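Here is a short note to read beside the model. Keep the 3D view open and follow the points in order.

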Amino acid sequence: MFVKIRDMAKYDLNAVAIVEKGVFSSPWPLAAYESEIKKPTSICKVAACGDYIIGYMCVSTILDEAHLMKLAVHENFRRKGVARLLVTEVLDILHDKFSGILLLEVRPSNLPALKLYEKFGFNKLYVRKRYYVTPDEDALVMGLNINRVTPFKDHEPISSPLTF
Ligand SMILES: CC(C)(COP(=O)(O)OP(=O)(O)OC[C@H]1O[C@@H](n2cnc3c(N)ncnc32)[C@H](O)[C@@H]1OP(=O)(O)O)[C@@H](O)C(=O)NCCC(=O)NCCS
């Protein structure tokens, strides 16, 4: 089956909530996604494999600052390039219509996410003390200057869609 990256729709939200509960210790309520997908300033994408939602990503933008709020891939589909597809798609959209900085918080203990963000050129900026709960942990704030990067699709074109 092919993986398709597309806009998150209202009918995806139950599936998104299932992945969310499996991944995050403090999951967003479904209403938070419902509100996010309505905002013209947000970019919310899902990775769909047939009828299944196997990953998703949400970014909000305010003037020249964007914030990566959510990125998750179902644990059965990890390390197959799904997050890379989602991040590439969202960065290309940002690159086309936004020229500021994309910020995110990540747990310093979250090696997979740290490696992923470093691969896309995010820099470590500063530490936000006691940002996370369950378990308590500081957050590392990372940033990527969108106007300084070549569109990602030009870096490493995805010639064939991912299949599972
Ligand atoms: C972080 C996460 C989104 C990565 O998703 P994924 O689809 O498995 O990532 P990809 O397969 O696209 O990997 C892309 C790159 O990220 C890095 N990476 C991903 N998983 C990694 C791991 N377990 N160990 C080391 N590097 C890893 C690698 O550089 C990888 O490139 P490579 O496979 O060519 O070496 C996924 O592990 C996840 O959902 N984690 C839980 C939620 C989370 O932590 N979200 C981020 C919150 S800030």
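How many bridges join β4 to β5, and do these strands run parallel or antiparallel? Three bridges join them, and the two strands run parallel. Keep in mind that this is a predicted model.

1. **The sheet as a whole.** Strands of a sheet pair through backbone hydrogen bonds, either parallel or antiparallel. Here seven strands form an open sheet with mixed pairing. Their order is β1-β2-β3-β4-β5-β7-β6. Follow that order across the picture, strand by strand. β1 and β6 (123-132) stand at the edges. Each has a single partner strand, so one side of each is left without a neighbour in the sheet. On average, neighbouring strands are turned by 25° against each other, direction ignored.

2. **β5 and its partners.** On the β4 side, Ala 66 has Leu 102 in β5 as its bridge partner. β5 (residues 101-106) is also joined to β7 (residues 137-145), by six bridges. That pair runs antiparallel. Find Leu 104: its bridge partner in β7 is Met 142.

3. **Two faces of β5.** In a regular strand the side chains alternate between the two faces of the sheet. β5 shows this alternation. Leu 102, Leu 104 and Val 106 point to one face and are buried. Ile 101, Leu 103 and Glu 105 point to the other face and are not buried.

4. **The β6-β7 hairpin.** Six bridges join β6 to β7, and these strands run antiparallel. Val 127 is paired in this way with Leu 140 in β7. Four residues lie between the strands of the hairpin. In this hairpin, Thr 134 takes a positive phi near 45°.

5. **The nonpolar core.** In soluble globular proteins, nonpolar side chains tend to be buried together. The largest nonpolar core in this model has 39 residues. Ala 47, Tyr 56, Met 57, Val 82, Leu 86 and Val 90 touch the most other members. The elements that give two or more residues to this core are β1, α1, β2 (42-49), β3 (52-62), β4, α3, β5 and β7. α3 gives the most, with eight residues.

6. **Val 82 up close.** What does Val 82 contact, leaving aside its neighbours within four places in sequence? The list is Val 3, Ala 47, Ile 54, Gly 55, Val 73, Phe 77 and Leu 162. Ala 47 is also one of the core residues that touch the most other members.

7. **Around the ligand.** Which residues are closest to the ligand? They are Arg 78, Ala 83, Pro 112, Lys 115 and Leu 116, out of 19 that surround it. β4 (65-73), α3 (82-97) and α4 (111-119) are the elements that give two or more residues to this shell. α4 gives the most, with six residues. By class, the shell has eleven nonpolar, two polar and six charged residues.

8. **Two exposed residues.** Is Ala 9 buried or exposed? Ala 9 counts as exposed, because 12 C-beta neighbours lie inside 10 Å and the cut-off for exposed is 12 or fewer. Ala 9 sits in the loop between β1 (3-7) and α1 (13-23). Phe 2, in the segment before β1, is exposed too, with 11 other C-beta atoms within 10 Å. Phe 2 and Ala 48 are 46 residues apart in sequence, yet 8.1 Å apart in space, C-alpha to C-alpha. For Ala 9 and Lys 70, 61 residues apart along the chain, the C-alpha separation is 16 Å.

Notes
Residues are numbered from 1 along each chain as its sequence is written. This is a predicted model: local features need pLDDT of at least 70, side-chain atom pairs count only at pLDDT 80 or more; totals for chains, interfaces and linings use all residues. A residue is buried if 20 or more other C-beta atoms lie within 10 Å of its own, exposed if 12 or fewer, and partly exposed in between; C-beta atoms are placed from the backbone. A residue is near a molecule or strand if its C-beta atom, placed from the backbone, lies within 6 Å of it. Ala, Val, Leu, Ile, Met, Phe, Trp, Tyr, Cys and Pro count as nonpolar, Asp, Glu, Lys and Arg as charged, and the others, Gly among them, as polar. Two strands pair if DSSP finds at least two bridges between them. Axes are lines fitted to C-alpha atoms, for helices over the stretch in contact, and angles run from 0 to 180 degrees between N-to-C directions. A nonpolar core is a set of buried Ala, Val, Leu, Ile, Met, Phe, Trp, Tyr and Cys residues joined through C-beta atoms within 7 Å. Two residues are in contact if their C-beta atoms, placed from the backbone, lie within 7 Å.
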